[in-house]
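Please open the model in a viewer and keep the selection panel at hand. The tour below proceeds stop by stop.

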Amino acid sequence: MQSKNLIESLLEQTRQIINQTEKLKNYDLQILTWKENENSWSILECLEHLNLYGDFYLPQIENKIKNSTTKTEFEFKSGILGNYFAKSMLPKGKLNKMKTFKDKNPLNANLDKTVIDQFIKQQIKLLDLLNQSRNVSLNKVKIQTSISSLIKLKLGDTFQFFVNHIIRHLNQIERIQTAML
């Protein structure tokens, strides 16, 4: 895939994510914290989970882009592991539940609407980083994963994984909204 096409696609997806999330600001706290059962997440818990991942990945991506001496390439070639991780995040027809890491699980956290503002702020940062990434190699810049510091993914794969993870949880938010009706 062309590097510039990947970045453009991720920028567009991120803009849609921001638009979708902006609408949540109109909900009252009772709706944002509603849960189907005690073990399921509320809308705010889904967003807080994503904020915790943003806190891990965004500063690292920013630092790697800023300190990179690589040059952009015409073609981005997804790595085997990176491609697997990115695709595994995409929502499937049948719900594929995944266990989250304890430090990224906001279940029963006391949350308020600032979670939405923080999420949108992170998405704006992501737009900025995607634009900055036009000047570096999406293939050679490597980002450590939250799974292990020994596992590193190409910057292009990390962006895809990160955005797909967000889309996955925005779909979860839509299911929560449907369950409320």
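A crossing of two helices is called left-handed if the near helix is turned anticlockwise from the far one by less than a right angle, and right-handed if it is turned clockwise. This term will be needed at the second and third stops.

**First stop: the whole chain.** Display the protein chain as a cartoon, bearing in mind that this is a predicted model. Six helices and two strands should appear. Traced from the N terminus, the elements follow the order α-α-α-α-α-β-β-α. The radius of gyration is 17 Å, close to the 16 Å that the globule rule gives for 181 residues, so the chain is as compact as a globular protein of that length. Along its principal axes, the C-alpha trace spans about 50 × 30 × 30 Å. If the residues are coloured by burial, 44% of the 181 residues fall in the buried class. Among contacts with a separation of 6 or more, 85% join residues 24 or more positions apart.

**Second stop: H1 against H5.** Select helix H1, residues 3-22, together with helix H5, residues 114-132. The axes of H1 and H5 come within 10 Å and cross at roughly 165°. H1 is therefore roughly antiparallel to H5, as angles over 145 degrees are counted in that class. Viewed with one helix in front of the other, the crossing of H1 and H5 is left-handed. Now show side chains: the H1 face includes Ile7, Leu10, Leu11 and Ile18, and these meet an H5 face that includes Ile116, Phe119, Ile120 and Leu127. The residues of this contact comprise twelve nonpolar, four polar and two charged.

**Third stop: H3 against H5.** Keep H5 and add helix H3, residues 43-66. Here the axes lie 9 Å apart, at an angle of about 30°. H3 and H5 are therefore roughly parallel to each other, since angles under 35 degrees count as such. The H3–H5 crossing is also left-handed. On the H3 side, the contributors include Leu47, Leu50, Gly54 and Leu58, while H5 supplies, among others, Val115, Phe119, Gln122 and Leu129. Eleven nonpolar, five polar and four charged residues make up the contact of H3 with H5.

**Last stop: Gln172.** Select Gln172 in helix H6, residues 155-180. Is Gln172 buried or exposed? Its relative accessible area is 18%, so Gln172 is buried, the cut-off being under 20%. Leaving aside residues up to four places away in sequence, Gln172 touches Trp41 and Cys46.

Technical notes. Residues numbered from 1 in each chain as written. Predicted model: local features only at pLDDT ≥ 70, side-chain atom pairs only at ≥ 80, totals over all residues. Heavy atoms only, no water. Helix = DSSP H or I, 4+ residues; strand = E, 2+ residues; numbered from the N terminus. Buried < 20%, exposed > 50% of the residue type's maximum accessible area, 1.4 Å probe, protein only. Contact = heavy atoms within 4.5 Å. Axes fitted to C-alpha atoms, helices over the stretch in contact; angles between N-to-C directions. Parallel < 35°, antiparallel > 145°, perpendicular 65-115°, else oblique. Nonpolar A, V, L, I, M, F, W, Y, C, P; charged D, E, K, R; others polar. Rg over C-alpha atoms; globule rule 2.2 N^0.38 Å.
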